[in-house]
Amino acid sequence: MSAKPNPRGWSWDRQLLLVLALMAGNLVMASRQLIVPYPEAALWYESAAFFPLLALGLMALAGLVEVFHRRHAIELKDSEELDSSQARMGLAWGMLGLLVLYMLAVPWMGYLSSTLLFLVVSSRVLGFAWRTTWALSLPLALAMWWVFLKLLKVHFGHGWLI
């Protein structure tokens, strides 16, 4: 399976990646007008614009890098990409459902408790042993809570738990 170039020399996926990367770059440049009111006095890492700018900047950069890498057609037999025929779609949809429930639970339960619950349930759904589940979930939830709430001062609302 290879990406077939169009008559102009660019495959459709490469064109789409370039358009998406340019759109993300334009949104980075327009963020001061899109985020109202823009906090001029806030530190850069405490600004409401920090995460959108970071995400959009990474998208633009990753899109441009991928456009560069796709300049040659990829043959499946030479590729290290995963074979999509072995994808477990039920598991993927289940994890997506858990992510949606997690996003809904954060403002209701609180960031730390909902993150810990999400990591524990996700680990069990993925088939991790209980020891591995707790060894990964508890330190990761605590680290994420400290980074986002204490260091970066991101406001997640007031849940009935922590």
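## Ser137 and its surroundings

Leaving aside its neighbours within four places in sequence, Ser137 is in contact with four residues in this predicted model: Leu116, Leu119, Val120 and Ser123. Ser137 itself is part of helix H6, which covers residues 130–151. Its relative accessibility is 1%, so Ser137 counts as buried, the cut-off for that label being under 20%.

The side chain of Ser137 has two backbone oxygens to note. The backbone oxygen of Thr133 lies 2.7 Å from a polar atom of this side chain. The backbone oxygen of Leu119 is reached by the side chain of Ser137 at 3.4 Å.

## Helix H5

Helix H5 comprises residues 111–125. At 1.5 Å a residue, its 15 residues should span 21 Å, and because the end C-alpha atoms are 21 Å apart, the expected and modelled spans agree. Just after H5, Gly127 has a positive phi of about 95 degrees.

The buried residues of H5 are Tyr111, Leu112, Ser113, Ser114, Thr115, Phe118, Leu119, Val120, Ser122 and Ser123. They pack against both H4 and H6. Three of these buried residues, Leu119, Val120 and Ser123, also appear among the contacts of Ser137.

## Helix H4

Helix H4 runs over residues 89–109, and its 21 residues should span 30 Å at 1.5 Å a residue; the end C-alpha atoms are 29 Å apart, which agrees. Gly110, just after H4, takes a positive phi of about 115 degrees.

Buried in H4 are Met95, Leu98, Tyr102, Ala105, Val106 and Met109. These buried residues pack against H5. An α-helix has 3.6 residues a turn, so residues three or four places apart point the same way.

## The largest nonpolar core

Nine residues make up the largest nonpolar core: Met95, Leu98, Tyr102, Val106, Tyr111, Leu112, Phe118, Leu119 and Ala141. H4 and H5 are the elements that give two or more residues to this core. In soluble globular proteins, nonpolar side chains tend to be buried together.

Phe118, a member of this core, is in contact with Leu98, Leu99 and Tyr102 when its neighbours within four places in sequence are left aside. Leu119 belongs to the core and is also a contact of Ser137.

## Aromatic pairs

Two aromatic pairs are found in a search of the whole structure. One of them is formed by Tyr102 and Phe118, which are stacked, with 4.7 Å centre to centre and 25 degrees between the planes. Because Tyr102 lies in helix H4 and Phe118 in helix H5, this pair ties together parts that are 16 residues apart in sequence. Both Tyr102 and Phe118 are buried.

Tyr111 and Phe148 form an aromatic pair that is edge-to-face, at 6.1 Å centre to centre and with 75 degrees between the planes. This pair links distant parts of the chain, as Tyr111 is in helix H5 and Phe148 in helix H6, 37 residues apart. Tyr111 has a relative accessible area of 6% and is therefore buried, whereas Phe148, at 23% relative accessibility, counts as partly exposed.

Methods: Residues are numbered from 1 along each chain as its sequence is written. This is a predicted model: local features need pLDDT of at least 70, side-chain atom pairs count only at pLDDT 80 or more; totals for chains, interfaces and linings use all residues. Side-chain values use heavy atoms; hydrogens and water are left out. Helices (H or I, at least four residues) and strands (E, at least two) are DSSP runs, numbered from the N terminus. Buried means under 20% relative accessible area, exposed over 50%, partly exposed in between (1.4 Å probe, protein chains only). A polar contact is a pair of N or O atoms within 3.5 Å; within protein, one must be able to donate a hydrogen and the other to accept it, and residues adjacent in sequence count only if both atoms are side-chain atoms. Contact means heavy atoms within 4.5 Å. The expected span of a helix is 1.5 Å times one less than its number of residues. A nonpolar core is a set of buried Ala, Val, Leu, Ile, Met, Phe, Trp, Tyr and Cys residues joined through side-chain atoms within 4.5 Å. Rings of Phe, Tyr and Trp (its six-membered ring) pair if their centres lie within 6.5 Å; planes under 30 degrees apart count as stacked, over 60 as edge-to-face and the rest as tilted.
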